[in-house]
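Student: I should like a close look at the charged side-chain pairs of this protein. Please take them one by one, and then place them beside the strands and cysteines.

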Amino acid sequence: MPDLKTQRTYALVGHGGSGKTTVAEMLLFNSGVVNRLGKVEEGSTVLDFEPEEIKRRGSVQPGFASYKWNKNDHFLIDTPGDSNFAGDLSYSLTAADGVVMVIDAVDGVKPLTRKVWALVQDMGLPAMIVINKMDRDRADFDMAFHGISEALGARPVLLYYPIGSKENFKGVVDMMSGKALLFGEDGAVTEGEVPGDIADEVETLRETMIENIAESDEELMEKYFEEGELSPEDITKGLQSGVASGELVPVVVSAALNCQGGQMILDTVQNLLPGPLDHKPWQGEDGSELASSPDEPLACFVFKTQADPFAGQLTVVRVLAGQLSPDSQLLNTGNGEKERVGQLLVMNGKEQAPIKTPMGPGAIVTLAKLKNTRTGDTLVEKGQFKLVKPELAPQLITFALAPEVKGEEDKVYAAVAKLLDEDITLTLGRDEESGDILLSGMGQNHIEISVEKAKRRYKTAIVLKTPKVPYRETFKTGAREIQGRHKKQSGGRGQFGDCWIHVAPRASGEGYEFVDQIVGGSIPRQFIPAVDKGVQETAARGVLAGFPVIDFQVTLYDGSYHNVDSSEMAFKVAGSLAFKKACEKAKMALLEPIMLVTVAVPDAFMGDVIGDLSSRRGKVLGSDSQAGITEVKANVPMAEMLRYAPDLNSMTGGQGTFFMEFASYEECPPQETEKVIAAHKKNDGE
């Protein structure tokens, strides 16, 4: 088993386009896993290998790699940066002991960077930051570095100061040793002199670095005030404890495309990020705790499932405690099923290599051909430990799916259902009102790529349609003394049911209520539920535009029956007829779902975004600006938000993020009501 004190397991995180996958490629090259650097643009990187990733030049699922650095084992999880594909980021972070966040030197901290950083903080993970793309045309180190404290609220400790930038980025100053490290071919590093024009700046920043380290520890603070300096040992010790507690965030710079800075990242991961033995105890669903130790009973958390064209389903686990050996018998504590584990595999992108030795805490291991295990499950050797599942981000958008050829609905449903095991941020269902197959996900891109994947893998022709908005209908006024009478004579036994009802509106959210006021047996007891059922079934189909009627009360107060011809069916029809008449007599309203929308954008786009939300009939509730990023909250009708993701992207150059949740139902304006009713009549006529 690897030495757990020096083993590192970490997640690469950051906003889309910051260069995480290129950073990962550089680390794999520096550590000798690959002998040539792949490029995202050419589709040749180790970790982006799915056809959809190569086509869009970006990750759509986490990638896994393992390597050795100075003979120490490292496990790396490369997470997608696009919010469309980062809905299960909390699962990848649960599998990590630390985080390497990548920030782009051109764009600095983006709204999504803040969102990801907040999740890292919530999960209590120690982190370091890489300012990447220092070689790019508009690279601005100062802007990116200051954004770490101003926009993220972190206390950065700069470990390497850049020498030059843009096309002149040629090395770094190691702030701990004070030496210049110059880049050569393929990431080679040689020592040199610190250029005179940055010597003063370096000295000032070094003092700030030492002050930040001293301030994170009371003992060091006292020593620093008394002696005016700290020894290299004190600095290292203070930095390690500050990173472990989350007080300090080490910062490294790189230009991953040119393989510049990889060694510095690898050294910082090794020296400052924690190992698995430092992980706080794991929390069980029953309140129990499990220490991250090889001496505890074996427990593994399934944080990702992938489909392999040759090996079938691959289950990716993090060993939480104990030791996982090949040919083990494990218990899934989620469903009580036993699983036989054969070979243990480690992955580097799509390549799998078998391991013959037991793997301890922190190891990222892949298991093939498990039968009844899904993402989020816990596997144990003995006992009943079940890890508390991380929370998933809320889904933002729903599309309807249809087959290109009528009659192949079940084939479409089955093909997309196969994706759900590997992507837990997708939800598949059927709309009872419309019969549509509905696929919900993190954004339009997410849905489109998922459908593309299903079509490619399972040879199914699928059409994407904008789903129906779940409007509702309700009563604005009541209707009293309404009769529903059903009488039918057709030779032999007839049908007879007669009921009288009042209908009254109820307050929003109060639902449906049926009040039985029958006295004296005018309707026999056994037929009263049938009236209720007739009302409910008709209400579910709607009267204005085919949407369910909600929030109303029906009072059944009188009726009559026939000894022979009355039946449950007759009274069900009578209830339905009475309800339809009540709807004709009362005033009805169409209700539309209103969403609480939160949009985060750079300040420069705030006016455009607020104007756009207003044009969508939105009511802006307020905005809050911090460190150049504005968060706008608004109530907007769902009908106006179905295609918001691509619109926000084009409005903000891809820098805006949003999420939305259901807020309430509100009455639809007359003009919109007319459109919805007209569309319903047209569809009904087809």
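Tutor: In this predicted model, Arg-506 and Glu-510 form a salt bridge in which the closest N and O atoms lie 3.6 Å apart. Arg-506 is partly exposed, since its relative accessibility is 25%, and Glu-510 is likewise classed as partly exposed, at 45%. As a general matter, side chains of opposite charge can pair when their charged atoms come close.

A second salt bridge joins the side chains of Glu-285 and Lys-386, with an N to O distance of 3.5 Å. This pair links distant parts of the chain, its two residues being 101 residues apart. Glu-285 sits in the loop between β12 (282-283) and β13 (289-290), whereas Lys-386 belongs to the loop between β21 (378-380) and β22 (397-403). Glu-285 has a relative accessibility of 45% and therefore counts as partly exposed; Lys-386, at 27%, is partly exposed as well.

The salt bridge between Asp-612 and Arg-616 has an N to O distance of 2.8 Å. Here the partners are buried: Asp-612 has a relative accessibility of 16%, and Arg-616 has one of 10%. Elsewhere, salt bridges that share partners connect Glu-592, Arg-617, Glu-640, Glu-672 and Lys-675 in one network. The model contains 24 salt bridges in total.

The strands come next. Strand β29 (residues 512-516) pairs with strand β30 (residues 552-560) in the parallel sense, over five bridges. Within this pairing, Val-515 has Thr-555 of β30 as its bridge partner. Between the two strands the chain passes through helix α12 (residues 528-541), and the resulting β-α-β crossover is left-handed.

The cysteines remain. The count of disulfides is zero. For Cys-583, the closest cysteine sulfur is that of Cys-499, and the distance of 13 Å is too far for a bond, because a disulfide requires sulfur atoms within 2.5 Å. For Cys-668, the closest cysteine sulfur belongs to Cys-583, and at 18 Å this separation is also too far for a bond. Both side chains can be placed by their accessibility: Cys-583 is buried, with a relative accessible area of 7%, and Cys-668 is buried, with a value of 4%.

Note on methods
Residues are numbered from 1 along each chain as its sequence is written. This is a predicted model: local features need pLDDT of at least 70, side-chain atom pairs count only at pLDDT 80 or more; totals for chains, interfaces and linings use all residues. Side-chain values use heavy atoms; hydrogens and water are left out. A salt bridge is a side-chain nitrogen of Lys or Arg within 4 Å of a carboxyl oxygen of Asp or Glu. Helices (H or I, at least four residues) and strands (E, at least two) are DSSP runs, numbered from the N terminus. Buried means under 20% relative accessible area, exposed over 50%, partly exposed in between (1.4 Å probe, protein chains only). Two strands pair if DSSP finds at least two bridges between them. A crossover is right-handed if, with the strands pointing away from the viewer, the path from the first strand over the helix to the second runs clockwise.
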